[in-house]
Amino acid sequence: MAITPPTLTNLPAHERIEQLRRRIASIPARTDGAAPAVPVEQPDARFDARETLPAGSTLTVLPAPDALAALLPKQGLARGTVTSVNGASSILLSLIAAVTSSGKHATVIGLPKLGLLAATEMGADLNRSALVPAPGDAAIDVAAILLDGMDLVVLGLAGQAVPPTRARAVIARARSKNSCLVVTEGRWDNADVRIDSQVTGYAGLGQGRGRITGITVDVEVSGRGFRPRSATLDLSATNGTVDWTSQTPHPAPLHRAL
């Protein structure tokens with residue numbers, strides 16, 4: 001579902017943001033299996049398309065692929081946090097696939113070249129995905145707005161280093177809206193979790209020829225309040241689906257700083 005028709009890109013930044021606010025109201029409510037709670041009235045509550053989680057709800061983690069979840073401190077993407085993802089795009093695509101295939105909603109901002117076909121092969125439900133491929137210099141503002149209406153917001157930083165004061169404001173919004181922000185292709189200091197990866201091999205290639213049927217990726221996860229972990233993961237098609245398997249029986253601690 002794209003939410004940036006051609007006319008939107010021609011608007012000034014403040015009008016573009018206001019248009020995005022209005023369109024959040026048309027996004028279907030997220031499905032998290034929890035009983036609806038009475039929403040707390042807020043100045044911008046009319047823009048929030050999600051159900052409010054009841055007090056004490058344990059549904060605080062968004063799903064991740066099993067092999068990757070084993071490396072994460074909460075076995076998934078914790079709501080109200082910021083995760084930095086760098087390296088192999090397959091990691092990012094698989095997170096989007098895991099979230100949307102579970103019935104949750106995600107938006108992708110500032111990543112026009114992201115391979116959505118690969119995401120669908122991993123099980124992504126694009127009907128639960130909103131795309132903002134060209135937000136211009138308003139990318140961070142757009143992300144802050146969409147934290148109101150999405151379970152997962154993926155933000156491409158286009159090489160930017162986000163100032164700490166601006167980052168803190170967005171982090172506070174993610175926490176208040178119980179959403180998860182994933183940032184990539186840039187610098188975001190003090191992220192709660194960092195996922196760094198590198199492609200180290202390919203399957204299916206013979207003596208210089210053949211068809212790639214899978215990849216091998218070294219993944220390292222670090223962050224605040226937990227011991228860093230690493231593993232080697234294989235991405236390949238099994239029983240008609242594309243998924244990760246781990247070569248590492250138990251996640252191993254890192255021996256160097258990320």
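This report describes a predicted model of one protein chain, from its overall make-up to single residues.

## The chain as a whole

The chain has 258 residues, and 46% of them are buried. Its secondary structure consists of 6 helices and 12 strands. The accessible surface amounts to about 12,800 Å², and carbon and sulfur atoms hold 52% of that area.

Contacts can also be sorted by distance along the sequence. Among contacts with a separation of 6 or more, 63% are between residues 24 or more positions apart.

## The nonpolar cores

The largest nonpolar core contains 39 residues, and the members that touch the most others are Leu152, Ile195 and Val219. Several elements each give at least two residues to this core: helix 2 (66-69), helix 3 (89-101), strand 4, strand 6 (152-156), strand 7 (180-184), strand 8 (193-205), strand 9 (210-223) and strand 10 (229-238). Helix 3 provides the largest share, with 7 residues. There is also a second, separate core of 24 residues, and among its members are Ala138, Val170, Ala174 and Val183.

What does isoleucine 195 contact, apart from its neighbours within four places in sequence? Its partners are Leu72, Thr83, Ser84, Val85, Asn86, Ile91, Leu95, Val219, Glu220 and Val221.

## Helix 3

Helix 3 has 13 residues, and its first and last C-alpha atoms are 18 Å apart, close to the 18 Å expected at 1.5 Å a residue. The helix is mostly covered, with 11 of the 13 residues buried. The buried residues are Ser90, Ile91, Leu92, Leu93, Ser94, Leu95, Ile96, Ala97, Ala98, Val99 and Thr100. After helix 3 comes glycine 103, which has a positive phi near 100°.

## Valine 154

Valine 154 is located in strand 6. Is this residue buried or exposed? Valine 154 has a relative accessible area of 1%, so it counts as buried, the limit for that class being under 20%.

Not counting residues up to four places away in sequence, valine 154 touches Leu92, Ile96, Thr107, Val108, Ile109, Leu111 and Val182. Two of these, Leu92 and Ile96, also appear among the buried residues of helix 3. Valine 154 and alanine 106 are separated by 48 residues in sequence, while their C-alpha atoms are 7.5 Å apart in space.

## Helix 6 and the residue after it

Helix 6 covers residues 164-177, which is 14 residues. At 1.5 Å a residue it should span 20 Å, and the end C-alpha atoms are indeed 20 Å apart. Its buried residues are Ala167, Val170, Ile171, Ala174 and Lys177. Seen down the helix axis, the buried residues of helix 6 fall within an arc of 135°, so they line one face. An α-helix has 3.6 residues a turn, so residues three or four places apart point the same way. The cover over the buried residues of helix 6 includes strand 3 (82-86), helix 5 (139-146) and strand 7. On the other side of helix 6, the residues Thr165, Arg168 and Ser176 are exposed.

Asparagine 178 comes just after helix 6, in the loop that leads to strand 7. Its phi is positive, near 60°, although it is not a glycine. Most residues other than glycine have a negative phi. Asparagine 178 counts as partly exposed because its relative accessibility is 21%, and buried would require a value under 20%.

## Two more asparagines with positive phi

Asparagine 190 lies in the loop between strand 7 and strand 8. Its phi is positive as well, near 65°. With a relative accessible area of 58%, asparagine 190 is exposed.

Asparagine 239 belongs to the hairpin formed by strand 10 and strand 11, where 2 residues lie between the strands, and its positive phi is near 55°. The two strands run antiparallel, and 6 bridges join strand 10 to strand 11 (residues 241-246). Alanine 237 is opposite valine 242 of strand 11.

## Proline 112

Where is proline 112? It sits in the loop between strand 4 (106-109) and helix 4 (116-121). Proline 112 counts as exposed because its relative accessibility is 59%, and exposed means over 50%. Proline 133 is 21 residues from proline 112 in sequence, yet the two C-alpha atoms are 4.5 Å apart in space.

Notes
Residues numbered from 1 in each chain as written. Predicted model: local features only at pLDDT ≥ 70, side-chain atom pairs only at ≥ 80, totals over all residues. Heavy atoms only, no water. Helix = DSSP H or I, 4+ residues; strand = E, 2+ residues; numbered from the N terminus. Buried < 20%, exposed > 50% of the residue type's maximum accessible area, 1.4 Å probe, protein only. Core = buried A, V, L, I, M, F, W, Y, C linked by side-chain atoms within 4.5 Å. Contact = heavy atoms within 4.5 Å. Areas by Shrake-Rupley, 256 points an atom, 1.4 Å probe, with all protein chains shown as cover. Expected span 1.5 Å × (residues − 1). Arc of directions from axis to C-beta. Pairing = 2+ DSSP bridges.
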